[in-house]
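Visitor: I would like to know how the terms used for a protein model are justified. Please take me through them one at a time.

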Amino acid sequence: MPYNFDKVLNRENTHCLKYDGREKIFGTKDVKPLWVADMDFETPDFIIDALKQRINHPIFGYSFKPDSYFDSIISWNERHHHWKIQKDWIGTSSGVVPSLALLTLALTQPGDKIIVQPPVYFPFFNTISHNGRVVTENPLAKKGDSYEMDFEHLESVIDESAKVIFISNPHNPGGRTWNTYELGKLADICLKHKIIMISDEIHSDLALPGHVHTPLASLHPDICKQTITTLAPSKTFNIASLLTSYIVTSNTHYLQAYKNVQEALHLYVDNVFGTQALIAAYTHGDVWLDELKKYLATNLNYIDSYIKAELPALKLMRPEATYLAWIDFSALGMSDKDLQNFLVEKAKLGLNAGIMFGTGGTGYARLNFGCPMDTLKPALSDLRTAINML
Ligand SMILES: Cc1ncc(COP(=O)(O)O)c(C=O)c1O
């Protein structure tokens, strides 16, 4: 393996949210942080080298995105997702959540309904409500050990004020890589009712071995015309603080509306480091990503076996993508508050409380396994010790 994912790095005192933010989030530094979607692996050499090369020129004034930025996005999406996009379909952004907010302002009016499918990545809720739009829930249905979309319920919540749906594909926190059939059915309903599909595909590169990510917009040109996809290299290569992401849509009206809001808020200035990092990642990152996914799959298998053998009261919803494990703790019989207190105070673990993800999240916690095995193993062992003492 040319890359070493086993290396444990001390991230303390780097203003790193995951470690240095523990006291604020959990009330104590004394927790192993397996929460926010941020991996503990060192940034690959080809990104560091690109950043160093730029730093060698000692002026950091205003910059713009070169053609190589757009070319690398086009090539990456074609190589990895068999999705052909065009340069004039791409809009720039500092982050996926900022894009969701800009699109909300661009494509809807105050009081409009935006549909979400909880349990889901929690900033979806605030993006809608903080901008004066109405969160409308189409909860996912639990089928066996996995989630499915509830299409009948979806049709029942659509009325004339429902304008947009936010889709998490692959799904955070459940880890589903929504398949062609599910996405096609969802799109049929949205096309029929003129609901704009905003597909957050930030986890798209992290489909685990044996699973495939399907870009919603790649299914059909009509679906593409009614979809905006939000993407970034930030989860894949763990470079969230370089504030670089993009949107893709073949609908010129949506793209122009997005750019108009961006311009009104003066939010289009380039981050030269993020741009260099994206180009390097999308040009040289194939082998690293392949190795990363194998490592994540090993971690996931370890968690799966460990839970079955040592923590039989817990149930893992085995993710098909991402490094986030959605674990059902409800058999412990605790309220959400008691569960979080137990995890922090007894197991000394900092996980994301399931209830943050909305309807369906009660009794769950989300564990981030994007870390070296030597970080993961003691965390699970501490959890076992704490549960055995109940
Ligand atoms: C589904 C999803 N969307 C968006 C984000 C965050 O995107 P950004 O940091 O670019 O705003 C995350 C981060 O965990 C996520 O899981």
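**Two domains and a sheet**

Guide: The model is predicted. The protein is divided into domain 1, residues 17-44 + 286-388, and domain 2, residues 60-283. Taken over C-alpha atoms, the centres of domain 1 and domain 2 are 25 Å apart.

Visitor: What makes residues of domain 1 and domain 2 count as being in contact?

Guide: Two residues are in contact if their C-beta atoms, placed from the backbone, lie within 7 Å. The contact takes 30 residues from domain 1 and 31 residues from domain 2.

Visitor: Which elements supply the side of domain 1 that touches domain 2?

Guide: Helix H12 (286-310), E11 and E12 each supply at least two residues of that side. The largest share, six residues, comes from H12. The residues of this side of domain 1 divide into 16 nonpolar, seven polar and seven charged.

Visitor: How do you know that E11 and strand E12 pair?

Guide: Pairing needs at least two bridges between two strands. Three bridges join E11 to strand E12 (residues 324-328), so the two strands count as paired. They run antiparallel, and lysine 315 stands opposite aspartate 328 in E12.

Visitor: Where do these strands belong in the sheet?

Guide: The open sheet has four strands in the order E11-E12-E15-E14, with antiparallel pairing.

Visitor: Why are strand E11 and strand E14 called edge strands?

Guide: Strand E11 (315-317) and strand E14 (352-353) each pair on one side only. In general, strands of a sheet pair through backbone hydrogen bonds.

Definitions and conventions:
Residues numbered from 1 in each chain as written. Predicted model: local features only at pLDDT ≥ 70, side-chain atom pairs only at ≥ 80, totals over all residues. Domains from an automatic or database assignment. Nonpolar A, V, L, I, M, F, W, Y, C, P; charged D, E, K, R; others polar.
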